[in-house]
Amino acid sequence: MQLNTITELLRIPGYKITHMISCRKSSIEFLLKREEDKACVCSGCGKVHNTAVHSEGRVLVEDLPISGKRVYLHIPKRKSVCLEDGSIRVEEIEWVRGRFTKRFVEHVYRLTSITTNKEAGWFLGIDDETVYRLDKGMLEELAQEKIEKVKAPRHMSVDEVAWQKWHKYVTNVVDVDRRKVIWNHDGRGKTTLDTFYHKIGTWGCKRIKAVASDGAKGFLSSTKEHAKNALIVLDHFHVKKYLNEAVDVVRKEELRKARQQGHEELGQILHCNKRFILMQNTVTNKQKDILDKLSTLNERVYKAMLLKDQFLSIYVEGNLRVAYANLKAWIGAAIRSGILSFVELGYKFFRKRHYVLNYFVCKITSAISEGINNKIKRLKRMAYGYRDVKYFLLKIHQHCGLLDPKLST
Ligand SMILES: [Zn+2]
């Protein structure tokens, strides 16, 4: 292959291939030469100085593989005096990121959007730490361009996610119409959400028509203060979460009792691995058999399940007037049930009844919150917990937001 054919193939602006240094079974190395008129960009200040070149060295960077071979490029790199601070600076090469080409780093970022850093590292033959560094660098670069300015949503949903034990949370804001996370931040509660409203400004806040959340105090007071035109909704998704949590409290209590009393059959049904059956809305025939058995074995868990189903059926009737009557009836039933977690939930839904009913005024879809929540859970599992919260926030944008590489291809 002629060298200018390789130059054509690699297509590096302002450089040509002058020599093939080596060609082994698994790697190939090329020497590059800069085209004469290529200006020297200072890495200190980013400007072009017309000062004399102080010295010239070479750097070795890895590029995308060709025909299964890893590709290494030897690039000439100049040093010159920076006119801003007088120190000697190495030149900045636009398409290089440390020991890799920019397009290699972009490749890493595309891979890490579909698999774990470990797997991506294995695939490319680089270690986890390098994948982390490259991925984070690329995400930070893209974040400046794509998420620095936030466009105010019309319908939004706000949610908190635990990212580490000991109550460390991040808050995500989802644009429901765009189906994407558009902003996130370390922390939770009022001050965190205030940061978002400040970011979009008074005009942005006025644009917001509805805000869905779990109805937590901090989110409510921040929204009332800033987004005065917005309808506040305690949406279906969060309601379901509260109901599942209440059922789970009863399940755990009854499981403990069943074990103390040596009631094996009941213990098995209530065990953790069957917990998901109690959480689902639609069940298979086999799961239905388990639930039927449960109804005869334990009344309290069954009653809790019925209360949950009864609440969810409120959503089937799409009309505000009927929903109001059904909600009132449900709150009464929950408070009278004698099951503590449902008594508490009854009072909670009573206090937040306006927000629950607002769903029937603006049916902000909960499928998006649910989908994004599942993606974040998957992301957390993929990384086995995050140590670096900034990276976690960027990964959320990469997997559920505007930094998703699939958006730009
Ligand atoms: Zn400079």
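**Strands, helices and a core**

Reader: Which residue in β12 is the bridge partner of Ser213?

Author: In β12, Ser213 has Leu234 as its bridge partner. This is a predicted model, in which local features need pLDDT of at least 70 and side-chain atom pairs count only at pLDDT 80 or more, while totals for chains, interfaces and linings use all residues. Residues are numbered from 1 along each chain as its sequence is written.

Reader: What makes β11 and β12 paired strands?

Author: Strands are DSSP runs of E with at least two residues, helices are runs of H or I with at least four, and both are numbered from the N terminus. Two strands pair if DSSP finds at least two bridges between them; four bridges join β11 to β12, which run parallel, so the requirement is met.

Reader: Which strands are called edge strands in the open sheet that holds them?

Author: The sheet has five strands in the order β10-β9-β8-β11-β12, with mixed pairing. Its edge strands are β10 (180-186) and β12 (231-234), each of which pairs on one side only. From one strand to the next the twist averages 25°, where axes are lines fitted to C-alpha atoms (for helices over the stretch in contact) and angles between N-to-C directions run from 0 to 180 degrees.

Reader: What makes the pairing mixed?

Author: Strand β8 (residues 155-164) is joined by eight bridges to β9 (residues 168-175), and these two run antiparallel, whereas β8 and β11 pair in the parallel sense over three bridges. One partnership in the parallel pair is that of Met156 with Val211 in β11.

Reader: Which residues of β11 point one way, and which the other way?

Author: Ala210 and Ala212 point one way from β11 (residues 210-213), Val211 and Ser213 point the other way, and all are buried. A residue is called buried if 20 or more other C-beta atoms lie within 10 Å of its own, exposed if 12 or fewer do, and partly exposed in between, with C-beta atoms placed from the backbone.

Reader: What is meant by the largest nonpolar core, and which residues touch the most other members?

Author: A nonpolar core is a set of buried Ala, Val, Leu, Ile, Met, Phe, Trp, Tyr and Cys residues joined through C-beta atoms within 7 Å. The largest one holds 79 residues, of which Val108, Val173, Val211, Val233 and Ala304 touch the most other members. Helix α7 (residues 236-260) gives the most to this core, with eight residues.

Reader: How do you know that the length of helix α13 agrees with what is expected?

Author: The expected span of a helix is 1.5 Å times one less than its number of residues. The 12 residues of α13 (residues 340-351) should therefore span 16 Å, and the end C-alpha atoms are 17 Å apart, which agrees.

Reader: Why are the buried residues of α13 said to line one face?

Author: These residues are Ser341, Phe342, Leu345, Gly346 and Phe349. Seen down the axis of α13, they fall within an arc of 140°, so they line one face of the helix; the arc is that of the directions from the helix axis to the C-beta atoms. On the other side of α13, Leu340 and Arg351 are exposed.

Reader: What do the buried residues of α13 pack against?

Author: They pack against α7, α11 (299-313), α12 (320-336) and α14 (353-358), where two residues are in contact if their C-beta atoms, placed from the backbone, lie within 7 Å.
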